[in-house]
Amino acid sequence: HETTFVGPAMRKTPGLRWGDGTWSGFDWVQHEMVEADLERWAAMGAGVGIRTGFGGLVLIDADALERTHADTVRAVVAEHFGPLTERIGRPPKAGYLVRCHDTEALAGGRVEFGERNAKGRQPNRVELLAASKFFVAHGVHPVTLQPYLWPGGVPPLAEVPETSAAALMAFPPLAYLLNSLLTGLNFLKDTPLVAVQEKVLAHWF
């Protein structure tokens with residue numbers, strides 16, 4: 001995988017550590033990694049991030065803290081893409097690896113859902129991390145203070161399952177749809193599932 005480091009090990013932002021121990025950001029999107037970077041970054045005590053888009057790599061980021069929502073998204077992932085490698089940082093949130101060689105077509109692949117909190121934000125999100133994005137692969141999660149986990153191990157890029165851009169773009173609204181129906185928050189909750197799915201996908205595209 002194309003790798004970009006994340007530092008320090010308990011943060012999620014790519015950066016560089018200077019001699020005085022302070023960190024600053026750097027242009028990781030334009031940086032072309034070489035093998036010597038690995039030793040340099042390891043000496044900084046940085047975590048490890050993987051740049052998505054490289055080799056068609058995409059992370060389906062299921063950012064849902066409610067167990068019911070997270071389980072529903074996991075079930076939809078399995079139904080549409082089969083078994084995918086899972087990365088866990090702050091359970092029950094999870095990320096799922098897949099490949100798509102038209103990652104530029106995935107811009108804007110994100111939906112948010114759930115009851116709004118005091119700040120007006122919806123707590124659950126499904127997002128496609130593709131071109132010019134990254135995810136943390138190794139390090140300590142800043143909230144749990146526990147290492148990121150790969151229950152099935154980290155697969156070689158060539159072994160990550162492939163899918164189409166259309167299938168990926170259809171996934172976030174479908175996950176939203178199922179969660180909305182599950183919690184009774186969608187005004188279409190009494191409409192047959194197939195009819196609602198068609199309306200959501202028609203709006204999405």
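I started with Asp 63 and looked up how open it is: with 12% relative accessibility, Asp 63 counts as buried (buried means under 20% relative accessible area, with a 1.4 Å probe and protein chains only). This is a predicted model, where local features need pLDDT of at least 70, side-chain atom pairs count only at pLDDT 80 or more, and totals for chains, interfaces and linings use all residues. Residues are numbered from 1 along each chain as its sequence is written, and side-chain values use heavy atoms, leaving out hydrogens and water.

Next, I checked the company of Asp 63. Leaving aside residues up to four places away in sequence, Asp 63 touches Lys 93, Pro 123, Asn 124 and Arg 125 (contact means heavy atoms within 4.5 Å).

Then I found the strand. Asp 63 lies in β5, residues 57-63 (strands are DSSP E runs of at least two residues, helices H or I runs of at least four, numbered from the N terminus). β5 runs antiparallel to β9, residues 124-129, and 5 bridges join them; strands pair if DSSP finds at least two bridges between them. I noted one bridge: Asp 61 has Glu 127 in β9 as its partner.

I zoomed out to the sheet. It is open, has 5 strands in the order β6-β7-β5-β9-β8, and pairs antiparallel. β6 (86-87) and β8 (110-113) stand at the edges with a single partner strand each, so one side of each lacks a neighbour in the sheet.

My last stop was helix α2, residues 67-81, which packs on the sheet and touches β5, β6, β7, β8 and β9. Buried residues in α2 include His 69, Val 73 and Phe 81. Just after α2, Gly 82 has a positive phi of about 80 degrees.

Methods. Buried < 20%, exposed > 50% of the residue type's maximum accessible area, 1.4 Å probe, protein only. Axes fitted to C-alpha atoms, helices over the stretch in contact; angles between N-to-C directions.
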